[in-house]
Amino acid sequence: MSVEREPILELRHISKSYGSVRALTDVSFRAYSGEVIGLVGDNGAGKSSLIKTISGVHNPDSGELFVDGVARHWKSPHDSMQAGIETLYQDSGLAPDLTIGSNIFLGRELLRRGVLGRLGFLDQKTMERRALEELEKVGITVPLSKRTVSQLSGGQRQAVAIGRAAMWAKHVIILDEPTNHLGARQSLEVLKVITAAKEQGLCVLFISHTLPHVLEVTDRIIVLRLGAVVRDAPTTEYTVESLLGTITGLSV
Amino acid sequence: MSIVETPPPQGTAERPPSLLRRCAALLTSQQSILLVVLIAVMCFFDFHNSRFFSTSEFSNLIVDFCEAVLIAAAETYVIISGGIDLSVGSTVAVSGVVGAYVIQYLEGHHFGEVPSLLVGTLVCAGVGALVGIINALMITRARLVPFVATLVTLSAGEGLALVFSKGGTIGYDPVAAVWSATGFWIFTWLSVIVLVLTAILGIVLHVSRYGRYNFAIGSNPFAARAAGINVNRHVASVYILSGLLAGLTGMIFYFQTSGGAPQSGIGNELEAIAAVVIGGASLVGGAGRFTGTIIGVAILTVVHDGLTFINVATTWNEVVVAAFIALAVLLQSLSAGSKKLL
C-alpha cells in the first residue's frame, strides 16, 4: 500500500451531542478501498452515533466528512446512498415475504421497457436473474428452490443482505452487528461475504460485539470509548485480551 | 478411447423446480382449493334448487359481488401493507347519502339527469377519499394504530350517515334504477365497470412497483424505509385508495337501491376482511393474493344468495361465513412454509 493513497472515506474532528449528552467527541479516521475496518466499543461508546453520522441519519454538530475526496453534508440517508455508501442496520435487513430478487432490487426496481414500464410494470424476470448473478459475485449461491427470503436460513439471509449492500455500494458498506443472533457456521458464511466484498474493492465498516469475528475479518480496528477514538491500529496488533482492555479502559 | 469426463456439478445451486412440480404447487395452492370450494358450494345450491345455475341467478350474483368486491380489494391492499381499515363500511353509507343528497339537489335545480349522476359519482368518490385522508393523517401523522384510527372513522361515518339522512333514504332515482339494470347477458354496464376496475387493482397489486412497495412495507417496514421507500407516503396513499373505493361502492349502492340509504354498507367491513382472510392474506401484512380475495368475495356472495335461494333463514349466513373463515385459516396453517398465522 502506497502512503499517498487517497482515503475513500475520511472523518475530521466529528463531534455530536444529543442535548447535554456528548455522543461523539472529535472523531477522526481514514478508511481506504479494499479495507475492512472493525468499529468496536462498549454500549454507549458512540458506535451507533458514528454510523448514523456517516450514513446521513443525522448531521454532526461540527467536523467534516469526505467521501472520495469530496466534502459531504448529508440531508438524508438517501444522499449517502447516492454517494456510494450502503448501510445495513440491525433492524432493517430484508423483507421476508418478498423473493430474493425483489429484495435485492427493493427501492431500485427495474421496470419493463416501453409503455408498460411507464405505467410502473416491473421487469421481474430480469431482476431475479441479475440478483442471482450479482450475489454469485460475492460468493453467495442461493438455492433456486428457495424463492422468498423467509425460506432462507438466518445466515443465508444476512449474507444476501450484505450481498445487496455490496451490489449497490460504490465505495463503502456499513454493517451493524451482521453476525448477531447467528450460529458459528452461519457467521462464517457472513464473514466470507465480507471478505468477498473487500476483494471487490469496497471499504467495509464492521460493527460488532463479537470480538473473535472482528479479529478474524478486519484489517484495522478502531476502538471507541465514551464517544472518542481511543485506539486505531492494524488488527495484527490486537489480541482478544488487549482489545477487551482497550474497550473497557481497564488495562490488562 | 479416452474416458469422457462428465462435467462436475455446478456448485450447490439446485435446478429450478420442474414443470410437473410447479403444476402440483399450483393445484395445491390456497386459491385452487378455494376455487374448488366455490364450485362445490354452487353445485350444492344447484342440487337443492336446480335453478341456481341460471342466467337470472348469475346476474343477481354479479350485482351482489360488485357491491362487495371494491371494498374487499381495498382491504386487500390495506391488510397486505400491514394495516386494517374498519371504516370502509360506514364510508359506503356516508358517501352514498352525501352523493344522493347532491344528486337530488342538482336534479331539483334542472341540472339534467346524467350530469347530476356524474357529479354525484365524483362527490361519492370525494367523500370516500376524504375519509381516507383523515385515516391517513391519523395513522401517519398522529401515529395512531390503524385499528383505532379507522374505528374512529367507522363510528363517525355511521353516525354522520344517519345525521345527514335523518334516518331515511334520500332520493328516489328512476333513471339510475333503470340504467343500473341495463347491460348484456348476465352483466349490467355498472358491473362491467366494476369488474374492469377490480382487474386493474389486481394487476397493479401484483406486477407494479406500487404493489411491490405495498408488500415490502407490510413485510418489513424498516427494510422498506432503509431501501429508500417513502413508507408514510405509501401508507397514506393506501388508506386514501381504500376510502376512494368505499366511496365508489357508495355510488354502486345508490344505483342498486336508487337512493342513498344510511344503512347501505354498514357492517360490510367485516365481510370484506373475511373475504381477504379466506383468500389467504396474512393479517400481519406482507403476504396475500388478490385472486384469493376475489374468490373469497365470490364464496361469501354465493353463500349469502344461495341460502336465500334454498329458503334457509338468512340469519344462518353469519354462521356459515364463520365456518368458511375457520376453513381458510386451517388451510393456511396446513400449507407448507407458511409460518404466519393469525
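Here is a friendly conversation about a predicted model, its sheets, helices, core and chain contact.

Student: How are residues, chains and ligands numbered or lettered, and what pLDDT do local features need?
Tutor: Residues are numbered from 1 along each chain as its sequence is written, while chains are lettered from A and ligands numbered from 1 in the order in which they are written. This is a predicted model in which totals for chains, interfaces and linings use all residues, side-chain atom pairs count only at pLDDT 80 or more, and local features need pLDDT of at least 70.

Student: Which strands stand at the edges of the six-stranded open sheet of chain A?
Tutor: Helices (H or I, at least four residues) and strands (E, at least two) are DSSP runs, numbered from the N terminus. Two strands pair if DSSP finds at least two bridges between them. The order in this open sheet is E6-E7-E8-E3-E9-E10 of chain A, with mixed pairing. Pairing on one side only marks the edge strands, which are E6 (85-88) and E10 (228-234) of chain A.

Student: By how much are neighbouring strands of that sheet turned against each other on average?
Tutor: Axes are lines fitted to C-alpha atoms, for helices over the stretch in contact, and angles run from 0 to 180 degrees between N-to-C directions. For neighbouring strands here, with direction ignored, the average turn is 15°.

Student: What is the bridge partner of A:Glu86 in E7(A)?
Tutor: E6(A) and E7(A), the latter covering residues 172-176, pair in the parallel sense over four bridges. On E6(A), A:Glu86 and A:Leu88 point one way and A:Ile85 and A:Thr87 the other, and all are buried (20 or more other C-beta atoms within 10 Å, with C-beta atoms placed from the backbone). Across in E7(A), the partner of A:Glu86 is A:Ile173.

Student: And which residue in E8(A) is the bridge partner of A:Val36?
Tutor: Strand E3 (residues 36-41) and strand E8 (residues 203-207) of chain A pair in the parallel sense over four bridges. The partner of A:Val36 in E8(A) is A:Val204.

Student: Is A:Arg220 buried or exposed?
Tutor: A:Arg220 is found in strand E9 of chain A. Leaving aside neighbours within four places in sequence, its contacts (C-beta atoms, placed from the backbone, within 7 Å) are A:Glu35, A:Ile37, A:Ala233, A:Pro234 and A:Thr235. With 20 other C-beta atoms within 10 Å, A:Arg220 is buried.

Student: Why is one side of E2 and of E5 left without a neighbour in the four-stranded sheet of chain A?
Tutor: This open sheet has the order E2-E1-E4-E5 in chain A, and its pairing is antiparallel. E2 and E5 (70-72) of chain A stand at the edges, so one side of each lacks a neighbour because each has a single partner strand.

Student: Which residue takes a positive phi in the hairpin of E1(A) and E2(A)?
Tutor: Seven bridges join strand E1 (residues 9-18) to strand E2 (residues 21-31) of chain A, and these strands run antiparallel. At one pair, A:Leu9 stands opposite A:Ala31. The hairpin has two residues between the strands, and the positive phi, near 60°, belongs to A:Gly19.

Student: What is the bridge partner of A:Arg12 in E4(A)?
Tutor: E1(A) is joined by five bridges to strand E4 (residues 62-67) of chain A, in an antiparallel run. In E4(A), A:Arg12 has as its partner A:Glu64.

Student: How many residues of H13(B) are buried?
Tutor: Helix H13 of chain B covers residues 290-309 and reaches 28 Å from its first C-alpha to its last, close to the 28 Å expected (1.5 Å times one less than its number of residues). H13(B) is largely enclosed by the rest of the structure, because the buried residues among its 20 number 14.

Student: Which helix gives the largest share of the largest nonpolar core?
Tutor: A nonpolar core is a set of buried Ala, Val, Leu, Ile, Met, Phe, Trp, Tyr and Cys residues joined through C-beta atoms within 7 Å. The largest one has 160 residues, and those with the most contacts inside it are A:Ile162, A:Val204, A:Leu205 and A:Phe206. Its largest share, 16 residues, comes from residues 55-80 of chain B, helix H3.

Student: Which helix gives the most to the side of chain B that touches chain A?
Tutor: The contact takes 24 residues from chain A and 26 residues from chain B. On the chain B side, H9 (209-219) and H10 (221-226) each supply at least two residues. The most, six residues, comes from H9(B).

Notes: Two residues are in contact if their C-beta atoms, placed from the backbone, lie within 7 Å. A residue is buried if 20 or more other C-beta atoms lie within 10 Å of its own, exposed if 12 or fewer, and partly exposed in between; C-beta atoms are placed from the backbone.
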